[in-house]
Amino acid sequence: MSAIPLHKPNKWDFCYFRRSLNNPFMKIVSAIAALSLMMSFQVCNAQGGYYDAHQAFDPTFLDEPGTPYRSASGAPGPSYWQNHADYKIAVTLDTAKKQIAGTVEITYTNNSPDELKYLWLQLDQNLFTPTSRGHYKTPIGGGRFGNVEFQGGDSISSVSVTGADKVSTTPEYVVTDTRMQLRLKSPLKAKGTVTIKIAYSFLVPPDGSDRMGRTETKNGRIYEIAQWYPRMCVYDEVKGWNTEPYLGASEFYLEYGNIDFTVTVPANMIVAGSGELQNPTEVLTTTEVDRLNKAKGSDARVFIVGADEIGKTSSRPKSSGNLTWHYKINNTRDASWSCSNAFIWDAARINLPSGKKCLAMSFYPAESAADTAWGRATEYVKGSIEFYSNTYFEFPYPVASNVAGNVRGMEYPGIVFCSWKSIKSQLFFVITHEFGHNWYPMLVGSNERKYAWMDEGFNTFINIYSGQNFNKGEYNKPETADPIINFMKRDTSAIMTVEDAMSTREIGMLCYYKPAFALYMLREYIVGPKRFDYGFRNYTSLWAFKHPTPKDFFRSMNDGVGEDLTWFWKEWFYKGYTLDQSVSDVKYAGGDTTQGSKGVDITVKNLRQMVMPVIVEVKESNGQSGRVTLPAEIWQAGAKWTFHYASTSPIVSVTIDPDNVMPDMDRTNNAWPAKTATKDAAAGSK
């Protein structure tokens with residue numbers, strides 16, 4: 001119901017207003033008002049920055065209603081849908097040409113209510129061409145995410161589409177950079193299915209944007225193969241076809257389905273792949289099959305291929321020609337593989353909370369086999385998978401394979417690539433990080449192209465706790481606010497920025513550390529571990545094998561922990577706000593002449609736009625001390641808040657954030673009495 005105005009404006013009101021502005025007296029009044037407003041703004045800045053409670057606690061932020069597809073609670077709606085893609089892939093590796101060639105057959109189901117006249121696929125290998133957009137974005141001196149001189153790319157030799165009528169046609173297709181559009185002869189109807197078959201080949205780049213590549217070792221070459229087959233783009237109700245090009249830095253957004261693949265390689269090679277090996281008796285010796293079965297029941301690592309067996313014909317079921325390795329992985333968004341004649345291979349059992357078992361496996365060259373390095377890799381895999389399964393969601397795949405090579409760290413479902421040169425804690429953290437990605441985004445399938453923080457940030461966050469948990473805290477690293485303070489002093493960019501628009505330094509902070517630190521602060525200092533963990537597990541369960549957006553996450557957490565945390569999501573993820581809390585005043589209460597017997601009134605200020613809880617420590621002359629934690633909601637009333645502390649003796653000191661856990665930009669104003677004569681730091685409007 002609309003409000004009824006007490007007075008309906010007419011043209012005479014506006015005429016009077018215009019005339020009043022021309023009145024000399026009104027001009028003076030207007031000038032004084034403007035000057036007063038300016039002076040009040042400057043006073044705010046002189047006191048340390050301008051804080052606007054209405055901006056911090058904006059009730060209209062993230063207030064769009066839910067839809068049939070995505071509920072206001074952050075859960076998938078009753079009409080939520082997503083399309084489905086199953087793959088059958090058969091490829092051969094030509095080690096002389098360093099080329100992969102084969103076919104992919106995609107069974108694509110349109111679960112949307114829309115009729116699709118064309119389909120979009122990703123051809124990620126086209127990044128490695130001299131005319132790709134990613135090539136032109138690579139700095140002159142090279143960079144992690146690009147290959148300036150490599151003459152690669154997908155070569156498509158044939159494309160066919162078979163519809164429900166079983167009639168196969170050759171569609172018109174257009175390749176643009178890393179995408180291919182298939183223009184169908186007949187539209188794909190809602191709830192319909194088509195089968196796409198593509199024959200293709202590509203040269204394996206030596207350093208594939210640090211996601212795949214080739215590594216030369218003393219016993220042979222390691223191939224790490226990813227983005228190796230044409231993959232369906234996601235079609236969703238958020239933006240239709242998601243066709244952002246692959247530029248190197250930002251990663252992937254993929255549909256779920258089942259992937260069945262065969263890889264034909266020289267017989268002297270071992271192949272590690274996503275999912276479970278389907279034909280072990282064809283590609284392994286009887287001894288190796290027995291060892292693999294033994295590993296399935298062992299918490300200690302078992303060698304399938306030992307260091308002394310590398311290069312020996314007795315370790316292979318045939319001494320020449322090729323072998324075809326067959327893998328399957330179900331309900332997945334991707335698959336990858338690696339092969340080499342230089343692999344040591346060991347494995348151990350993973351114990352899952354449901355009672356199920358799966359395998360942790362590591363593949364690495366002799367150069368990496370030390371006990372301070374990859375000799376403990378399977379132990380790290382096992383520990384990480386068991387911790388994440390017990391804490392967040394059970395690992396859904398039968399095998400977790402870990403491969404050493406020149407890729408410094410990259411994740412795929414059921415398999416990860418980590419640096420063969422990493423040792424000790426560095427190796428633990430790259431392994432636990434890459435396998436953490438099997439939860440975010442492999443299990444919870446967010447759009448990495450647009451929101452890298454939803455996988456890198458979440459994963460960096462859960463790595464904090466895997467580090468604390470592993471081997472009684474062997475690699476525990478206490479969190480500190482100093483890195484984020486140093487970053488935010490020079491860069492107030494928002495987390496909600498596309499990764500391809502970030503510098504390398506920004507990627508590390510905005511995609512990884514800043515969102516992880518934000519979630520750490522939320523868990524440890526705002527809602528508490530018990531409520532946070534329930535909400536985070538609930539989000540993971542709701543969106544397992546689905547496609548959440550940032551708003552789905554924010555709403556799901558609000559709903560699961562029972563707090564309106566919109567102010568928190570806004571300041572940390574959408575804005576570049578910074579924090580500066582200060583002790584403004586300390587007064588003994590009630591005109592107390594004995595200084596402290598009636599308590600003390602403490603005034604704190606919020607000098608910048610970010611709000612956070614306030615942790616206050618009070619020390620008294622009688623040796624007693626106490627702490628008070630004020631919620632962030634005190635700042636709804638403005639930039640100043642006074643509270644009473646029940647002291648019984650003179651106050652020695654009052655300190656905000658005594659343990660320096662908050663990302664406070666200026667800690668010099670956190671104590672009373674001030675340790676040095678200083679004014680509150682100027683901060684602008686951030």
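Helix H6, residues 286-295, lies across strands S18, S21 and S22, and its direction makes an angle of about 150 degrees with S18. That's one corner of a predicted model, and it's a handy place to start looking around. Zoom out and you'll find 14 helices and 32 strands in the protein. Here's a quick tour, from the whole protein down to a few single residues.

**The whole protein**

- Measuring along the principal axes, the C-alpha atoms fill a box of roughly 95 × 70 × 50 Å.
- The protein has 686 residues, and 56% of them are buried.
- Take the contacts between residues at least 6 apart in sequence: 74% of these join residues at least 24 apart.
- About 28800 Å² of the protein is exposed, with carbon and sulfur atoms supplying 53% of that area.
- There are 71 positive and 71 negative charges, and the mean positions of the two sets sit 3 Å apart.

**The six-stranded sheet and its helices**

- Back to where we began: S18, S21 and S22, the strands that H6 lies across, belong to an open sheet of 6 strands.
- Reading across that sheet, the order is S18-S21-S22-S23-S25-S24, and the pairing is mixed.
- Its edges are strand S18 (302-305) and strand S24 (409-412), each of which pairs on one side only.
- From one strand to the next, the twist averages 20 degrees.
- Inside the sheet, strand S21 (residues 344-351) runs antiparallel to strand S22 (residues 357-364), and 8 bridges join the two.
- For a specific pair to look up, try Asp346, whose bridge partner in S22 is Ser362.
- A second helix, H7 (residues 377-391), lies across S21, S22 and strand S23 (399-405).
- H7 runs at about 25 degrees to S21, whereas H6 runs at about 150 degrees to S18.

**Strands S1, S2 and S8**

- Strand S1 (residues 84-94) and strand S2 (residues 99-109) run antiparallel, with 11 bridges joining them.
- One bridge to find here is Lys88 with its partner in S2, Glu105.
- S1 and S2 form a hairpin that has 4 residues between the strands.
- In the turn of that hairpin, Lys98 has a positive phi of about 55 degrees.
- S2 is also joined by 11 bridges to strand S8 (residues 193-203), and that pair runs antiparallel too.
- Gly102 has Tyr200 as its bridge partner in S8.

**The four-stranded sheet and Lys117**

- Another open sheet has 4 strands in the order S6-S7-S3-S12, with antiparallel pairing.
- Strand S6 (172-176) and strand S12 (231-232) are the edges, each pairing on one side only.
- S3 and S12 are joined by 2 bridges, and Leu121 has Met232 as its bridge partner in S12.
- Lys117 is in strand S3, which covers residues 116-122.
- Lys117 counts as exposed because its relative accessibility is 57%, and the cut-off for exposed is over 50%.
- Lys117 and Leu184 are 67 residues apart along the chain, yet 5.9 Å separates their C-alpha atoms.
- Leaving out residues up to four places away in sequence, Lys117 touches Leu182, Arg183, Leu184 and Pro187.

**Two buried residues**

- Glu434 is in helix H8 (residues 424-436).
- Its relative accessibility is 5%, so Glu434 falls under the 20% cut-off and counts as buried.
- Setting aside residues up to four places away in sequence, Glu434 touches Gly409, Met410, Glu411, Val416, Phe417, Cys418 and Asn459.
- Among those partners, Val416 is 18 residues from Glu434 along the chain, with 6.1 Å between their C-alpha atoms.
- Two of the residues Glu434 touches, Gly409 and Met410, fall in S24 (409-412), an edge strand of the six-stranded sheet.
- Thr603 is part of strand S27 (residues 600-606).
- Thr603 is buried as well, because its relative accessible area of 9% is under 20%.
- Beyond its neighbours within four places in sequence, Thr603 is in contact with Ser582, Val583, Ser584, Asp585, Lys640, Trp641 and Thr642.

Technical notes. Residues are numbered from 1 along each chain as its sequence is written. This is a predicted model: local features need pLDDT of at least 70, side-chain atom pairs count only at pLDDT 80 or more; totals for chains, interfaces and linings use all residues. Side-chain values use heavy atoms; hydrogens and water are left out. Buried means under 20% relative accessible area, exposed over 50%, partly exposed in between (1.4 Å probe, protein chains only). Contact means heavy atoms within 4.5 Å. Accessible areas come from the Shrake-Rupley method with a 1.4 Å probe; for residues, only the protein chains shown count as cover. Lys and Arg count as positive and Asp and Glu as negative; His and the chain ends are not counted. The place of a charge is taken as NZ of Lys, CZ of Arg, CG of Asp or CD of Glu. Two strands pair if DSSP finds at least two bridges between them. Axes are lines fitted to C-alpha atoms, for helices over the stretch in contact, and angles run from 0 to 180 degrees between N-to-C directions.
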